[in-house]
Amino acid sequence: MGDRRRKFILGWSLIAGVIVLAVVSGALFFLLRSSNPPLAMSDVEGVWRAEGGEKARVLIRVDGAADLTDVPDGCLPGGGGHYSGPANWVFDTVLDESPGVRFTYERPDASEVCSVYFAVPKPGEGYFIEDREEVNYVRDSGGSK
């Protein structure tokens, strides 16, 4: 009876060990795969312009303020539409996206606070994840203006 019990415990211990190893390996893989370095102020501050002849523009200031021109509107249901006006920003990261900036603003015709996420996958390159037109932005080399 003792031998049988020992085999039973050993079998379940082996199964539990394999499960723990799989969970830890999966977690490490996910963390290493998605570990983009956090952004610094110098990575985002300044003027960003839309490529492809679009008039969209983003000005990110060091003090947490921003001016948005013709960017995707985060308040309209189902996407679509654009917003131009003042906003506030903070560093943020959305699951399965590159680190970036979250802009928040209030539309004059709405009482709610709206927000859009601007991902920065590479230095000097960005995009709004809410943008259905998939417009890319590039940072002006002259800094803030």
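**Exercise 1. Classify Arg49, then find its partner.**

Task: Arg49 has a relative accessible area of 35%. Decide whether it is buried, partly exposed or exposed, then name the residue that forms a salt bridge with it.

Solution.
- Step 1. Recall the cut-offs: buried is under 20%, exposed is over 50%, and partly exposed is in between.
- Step 2. Arg49 is at 35%, so it counts as partly exposed. Keep in mind that this is a predicted model.
- Step 3. Look for the partner. Asp140 forms a salt bridge with Arg49, and the closest N and O atoms are 2.8 Å apart.
- Step 4. Place both residues. Asp140 sits in the segment after strand E8 (136-139), and Arg49 sits in strand E1 (residues 46-50), so the bridge ties together parts that are 91 residues apart in sequence.
- Step 5. Classify Asp140 too. Its relative accessible area is 16%, so Asp140 is buried.

**Exercise 2. Work through two more salt bridges.**

Task: The structure holds 4 salt bridges. Which residue meets Arg107, and which meets Arg102?

Solution.
- Step 1. Start with Arg107. Its side chain meets that of Asp73 in a salt bridge, at 2.4 Å from N to O.
- Step 2. Locate the pair. Arg107 is in the loop between strand E5 (99-106) and strand E6 (113-122), while Asp73 is in the loop between strand E3 (65-72) and strand E4 (82-93), so the pair ties together parts that are 34 residues apart in sequence.
- Step 3. Check burial. Both Arg107 and Asp73 are buried.
- Step 4. Turn to Arg102. Its side chain meets that of Asp92 in a salt bridge, at 3.0 Å from N to O.
- Step 5. Locate this pair. Arg102 lies in strand E5 and Asp92 in strand E4, so parts 10 residues apart in sequence are tied together.
- Step 6. Classify Asp92. At 27% relative accessibility, Asp92 is partly exposed.

**Exercise 3. Describe the disulfide.**

Task: The structure holds 1 disulfide. Which cysteines form it, and is it left-handed or right-handed?

Solution.
- Step 1. Recall the chemistry. A disulfide is a covalent bond between the sulfur atoms of two cysteines.
- Step 2. Name the pair. Cys75 and Cys114 form the disulfide, with their sulfur atoms 1.4 Å apart.
- Step 3. Read the torsion. About the S-S bond of Cys75 and Cys114 it is about -90°, so the disulfide is left-handed.
- Step 4. Place the ends. Cys75 is in the loop between E3 and E4, Cys114 is in strand E6, and the two are 39 residues apart. The pair links distant parts of the chain.
- Step 5. Check burial. Cys75 is buried at 13% relative accessibility. Cys114 is buried as well, at 1%.

**Exercise 4. Follow strand E1 and its neighbours.**

Task: List the strands that pair with E1, with the number of bridges for each.

Solution.
- Step 1. Get the overall order. The chain has 2 helices and 8 strands. From the N terminus on, the elements run α-α-β-β-β-β-β-β-β-β.
- Step 2. Take the E2 side. E1 pairs with strand E2 (residues 57-60) in the antiparallel sense, over 4 bridges. Gly46 has Ile60 in E2 as its bridge partner.
- Step 3. Inspect the turn. The hairpin of E1 and E2 has 6 residues between the strands, and Gly52 there takes a positive phi near 75°.
- Step 4. Take the E8 side. E1 and E8 run antiparallel and are joined by 3 bridges. Trp48 stands opposite Arg139 in E8.
- Step 5. Ask how enclosed E1 is. Of its 5 residues, 4 are buried, so E1 is largely enclosed by the rest of the structure.

**Exercise 5. Compare two residues with positive phi.**

Task: Asp70 and Asp96 each have a positive phi. Where does each lie, and is each buried or exposed?

Solution.
- Step 1. Recall the background. Most residues other than glycine have a negative phi.
- Step 2. Take Asp70. Its phi is about 55°, although it is not a glycine. Asp70 lies in strand E3 and is buried, at 19%.
- Step 3. Take Asp96. Its phi is about 65°, and it is not a glycine either. Asp96 lies in the loop between E4 and E5 and is exposed, at 62%.

**Exercise 6. Find a nonpolar patch.**

Task: Which residues form the nonpolar patch on the surface?

Solution.
- Step 1. Name the members: Phe8, Ile9, Trp12, Ile15, Ile19 and Val23. Together they have about 640 Å² of accessible area.
- Step 2. Pick one member. Ile9 lies in helix H1 (residues 2-33) and is partly exposed, at 45%.
- Step 3. Set this beside the chain. Its accessible surface comes to about 9,400 Å², with 59% belonging to carbon and sulfur atoms. Buried residues make up 30% of the 145 residues.

Conventions:
Residues numbered from 1 in each chain as written. Predicted model: local features only at pLDDT ≥ 70, side-chain atom pairs only at ≥ 80, totals over all residues. Heavy atoms only, no water. Patch = residues over 30% accessible without salt bridge, like charges linked within 9 Å, V, L, I, M, F, W, Y side chains within 5 Å. Areas by Shrake-Rupley, 256 points an atom, 1.4 Å probe, with all protein chains shown as cover. Buried < 20%, exposed > 50% of the residue type's maximum accessible area, 1.4 Å probe, protein only. Disulfide = S-S within 2.5 Å. Pairing = 2+ DSSP bridges.
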